Structures are given as C-alpha cells and as structure tokens.
Amino acid sequence: MTGGGTGGLGGDERLRRWRLVLGGGGADGTGRALTGRDAAMDGALSSLYWGGGGKAERGQGRAAGLGASAPSVARWLGDIRTYFPSSVVQVMQRDAIDRLGLSALLLEPEMLAAVEADVHLVGTLLSLNQAMPEETKDTARAVVRKVVEDLEKRLATRTRATLTGALDRSARVRRPRHHDIDWNRTIAANLKNYLPEYKTVVPERLVGYGRASQAVKKDVILCVDQSGSMAASVVYASVFGAVLASMRSISTRLVVFDTSVVDLTDQLDDPVEVLFGTQLGGGTDINRALAYCQARIARPADTVVVLISDLYEGGIRNEMLKRVAAMKASGVQFVTLLALSDEGAPAYDHDHAAALAALDAPAFACTPDHFPEVMAAAIERRPLPVPEMSTHR
C-alpha cells in the first residue's frame with residue numbers, strides 16, 4: 001500500500017502510519033498491531049475522531065470517546081501534547097471543541113491550564129466570556145495574554161518599520177532640507193526639465209520626506225465585525241490596533257460592532273482588555289458602524305478606514321454603499337478585508353463584495369503577515385497589494 005508523502009518510507013513504517021490513520025480492525029488491511037507509544041497515540045486519536053460517533057464498527061477500540069468528564073479531557077489534553085507537535089495539538093483541540101461540544105469544559109480553570117493556547121482558542125474563550133464564572137476569568141485572561149504577547153512579538157517590529165517608511169514617503173514637503181530630499185521622486189517629477197546638452201535635470205520642484213515632523217500624519221480607523229465567524233480577525237485586529245496606537249505619527253481608533261457599535265479606542269494600550277470588551281456573536285449592522293466612523297473623520301485626505309467584515313449585512317445595504325462612496329469621494333482611503341486571519345478567505349457576501357469593488361474598494365482576505373503591506377499602500381495612496389485568488393473584483 002502506498003500513499004502521498006510515504007513513498008520514501010520503509011514498508012514497516014508505512015504500515016505503521018496507515019494503521020494509525022485507518023484505526024485497526026480487519027477492514028484496515030494492514031494487519032499491524034500497535035504497542036507502547038503507538039498504542040497511546042492511537043487511543044488519543046480514537047477518543048476524538050471515533051468516540052461517540054456511532055462508528056466503532058470501523059475499528060476495534062475506536063469508540064473510547066471523551067465523554068463530558070473534565071478529568072478525562074484533561075488527561076487527553078496532556079496526552080496529545082506528549083505525543084504530537086504543537087501545530088497538530090492545536091488542530092486536535094479545535095476538532096474536539098467542534099465535534100464533541102467541549103466548550104463548556106473550558107470554563108474550568110484546570111482545563112484552561114492544560115490546553116495549547118492559540119488564536120482559535122482565544123476566539124472560543126471570548127465567545128464564552130459572558131458565561132465564564134469569576135474563578136475562571138483570571139486563568140482565561142492569562143491564556144489570552146500569552147497568545148497576544150506572542151502575536152505582538154511576531155508582528156509589531158515589522159509593522160512599525162513598514163508603516164514608518166510609508167509615512168516618511170507620504171509626508172512630502174515642498175521645500176525640504178537637503179538631507180530630507182527624496183531624490184528618486186524629485187528626478188521623476190522633473191524629467192520634463194531634462195537638458196540633453198548638459199545631460200542633467202533641472203530640479204524645478206523638490207520632493208522631500210518631511211522626516212523631522214513628529215505631528216500626527218495619518219488617522220486610521222479599524223472597524224471590526226465581531227460576529228461569531230470573525231473571531232480570529234477580532235484577535236488580530238486588536239493586536240494590530242495596539243501596535244498602531246503605539247506609533248506617535250498615527251492616530252488610531254478601534255470600533256467593533258454587531259447590531260450595536262462599541263468604541264474601544266481608550267483601551268488600545270492593552271489589547272487583552274480590548275478583546276474582553278468584545279462580545280462575539282449576534283447580528284451585523286455594517287451601515288450603523290460606518291455611520292459612527294464617518295462622523296469621526298476630521299481629515300478625510302489623511303484618513304484610512306479599514307472595514308474588517310464578511311459583509312453579511314443586516315442593516316440597510318444601500319445606505320452602507322452610499323457611505324463608502326461618500327467617504328471615498330471626500331478623499332478617505334477605504335480598505336475592505338473579508339478576514340484578517342491565517343486561514344484565507346471565509347464565506348462572505350459576494351453581492352456586497354462586488355458592489356464595493358464597483359466603488360473601487362475591492363474586498364479581499366488578508367493574512368496578518370500581509371497586513372502591514374496593505375496598510376503601507378493605503379497610507380501612500382497607491383494601489384493595494386491584493387493577494388491573488390482572495391479578492392472579489
């Protein structure tokens with residue numbers, strides 16, 4: 001028996017892997033028995049993928065299940081962390097929550113201490129926030145803080161460097177000092193003044209960076225859909241909001257919405273507080289959220305509005321589109337992200353995405369690593385670097 005990714009393995013190792021995949025019993029065709037660590041790994045897989053599903057007939061021992069017992073789940077969580085790498089553990093945890101309905105057990109402190117923390121777990125905890133007992137909240141905050149701090153370490157330095165460069169390039173001045181002259185743009189702006197006999201360009205107009213200014217150069221409004229499907233996007237948006245708020249040259253506002261609108265700008269110094277200020281789930285009223293944001297735009301030509309939503313609008317569709325058109329007409333740079341997550345494009349409203357694209361506001365999914373480049377392009381007022389296969393044109 002051969003399979004993708006196993007062609008270079010010896011026959012015994014290939015049978016071992018197929019046995020772990022197929023689950024044993026006469027029907028799997030491997031004839032391979034498992035012992036020791038392999039048997040323990042098989043038991044952990046069995047508890048998740050065959051437990052309680054009525055499929056035990058496909059393999060002996062494949063009906064162990066996790067039940068609703070916190071001690072058994074805690075042991076299982078410990079087992080999978082022992083036998084599998086972190087990336088696999090995170091997938092298995094998500095599957096356990098989805099397949100076996102274990103969300104309620106995450107409200108117990110000892111359970112939270114046993115899990116492998118990641119963005120998806122944070123999203124699950126936030127969705128359970130209102131039902132979380134007081135004795136669990138401190139543990140939950142510690143789990144969320146660990147994930148947030150890890151994300152900040154990964155994303156903050158590159159984001160600040162990318163956006164600082166974009167701000168410098170966008171803040172051109174008409175009479176720059178010598179060391180602030182952008183020579184490439186100055187030459188491009190004066191090519192019409194080329195004197196062939198002297199082989200030189202007369203710099204009639206100088207273009208500079210204006211680096212010395214410490215004033216606020218750009219206003220950024222992050223408008224984030226907090227419906228349940230946007231959990232990972234809410235986590236990443238909160239982290240990026242905190243990073244942007246730490247930059248003196250950018251004034252940052254964070255607005256989250258479902259059918260109501262909440263401004264969390266005053267909590268941006270602590271993204272954990274921001275996250276616990278959200279309430280995942282509920283409906284969606286994009287029009288109301290954009291109305292709130294529109295009313296707070298003081299410098300349209302220096303403002304970037306980032307709408308992060310799957311565009312399933314429960315409010316007034318035509319009014320939403322009119323607001324986007326009005327903001328763009330006033331000079332606002334408008335960015336629509338269907339998701340800000342590692343998974344790519346989610347399910348989204350294609351009609352609304354097409355309508356926004358017709359307004360020259362293409363909607364596309366964006367990974368966290370790509371977000372700084374998108375923001376840099378918006379700040380510099382150049383075409384957005386839309387990832388292939390992720391936009392609705």
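**Close-up views of a predicted model**

**View A. K199, out on a loop.** K199 counts as exposed, with a relative accessibility of 70%. Keep in mind that this is a predicted model. K199 sits in the loop that links β1 (194-195) with β2 (200-201). Check its backbone too: phi is positive, about 50 degrees, even though K199 is not a glycine. For context, most residues other than glycine have a negative phi.

**View B. L311, another positive phi, but on a buried residue.** Here phi is near 70 degrees, again a positive value in a residue other than glycine. L311 belongs to the loop between β6 and α12. Buried or exposed? L311 counts as buried, because its relative accessibility is 0%.

**View C. Strand β7 and its two partners.** β7 covers residues 333-340, and eight of its eight residues are buried. Strand β6 (residues 303-308) runs parallel to β7, and five bridges join the two. One spot to look for in this pairing is L307, which stands opposite T336 of β7. To get from β6 to β7, the chain passes through helix α12 (residues 317-330), making a right-handed β-α-β crossover. β7 also pairs with strand β8 (residues 363-366), in the parallel sense and over four bridges. In that pairing, L337 stands opposite F364 of β8.

**View D. The largest nonpolar core, around V306 and F371.** This core counts 77 residues, and V306 and F371 are the ones with the most contacts inside it. Which helix gives the most to the core? That's α7 (residues 134-170), with 10 residues. Zoom in on F371 and, leaving out residues up to four places away in sequence, you'll find it touching L222, F240, V306, L337, L340 and C366. A second core, separate from this one, has 25 residues, A289, I297, L338 and A355 among them.

**View E. Cysteines without a bond.** How many disulfides does the structure hold? Zero. The cysteine sulfur closest to that of C293 is in C223, and at 3.8 Å it is too far for a bond, since a disulfide needs the sulfurs within 2.5 Å. C293 is buried, at 0% relative accessibility. C366, one of the residues that F371 touches, is buried as well, with a relative accessible area of 2%.

**View F. Helix α2, end to end.** Spanning residues 36-49, α2 has 14 residues and reaches 20 Å from first C-alpha to last, close to the 20 Å expected at 1.5 Å a residue. Its buried residues include D38 and D42, alongside M41, L45 and L48. A44, S46 and S47 are buried too.

**View G. T124 in helix α6.** T124 is part of α6, which runs over residues 119-127. Its relative accessible area is 16%, so T124 is buried, the cut-off being under 20%. Residues up to four places away in sequence aside, T124 touches I97, S103 and L106.

**View H. A245, in helix α9.** A245 is found in α9 (residues 231-245). With a relative accessibility of 37%, A245 counts as partly exposed. Which residues does A245 contact, leaving aside its neighbours within four places in sequence? They are T252 and L268. D269 is 24 residues from A245 in sequence, while their C-alphas are 7.3 Å apart in space.

Conventions
Residues are numbered from 1 along each chain as its sequence is written. This is a predicted model: local features need pLDDT of at least 70, side-chain atom pairs count only at pLDDT 80 or more; totals for chains, interfaces and linings use all residues. Side-chain values use heavy atoms; hydrogens and water are left out. A nonpolar core is a set of buried Ala, Val, Leu, Ile, Met, Phe, Trp, Tyr and Cys residues joined through side-chain atoms within 4.5 Å. Buried means under 20% relative accessible area, exposed over 50%, partly exposed in between (1.4 Å probe, protein chains only). Contact means heavy atoms within 4.5 Å. Two strands pair if DSSP finds at least two bridges between them. A crossover is right-handed if, with the strands pointing away from the viewer, the path from the first strand over the helix to the second runs clockwise. The expected span of a helix is 1.5 Å times one less than its number of residues.
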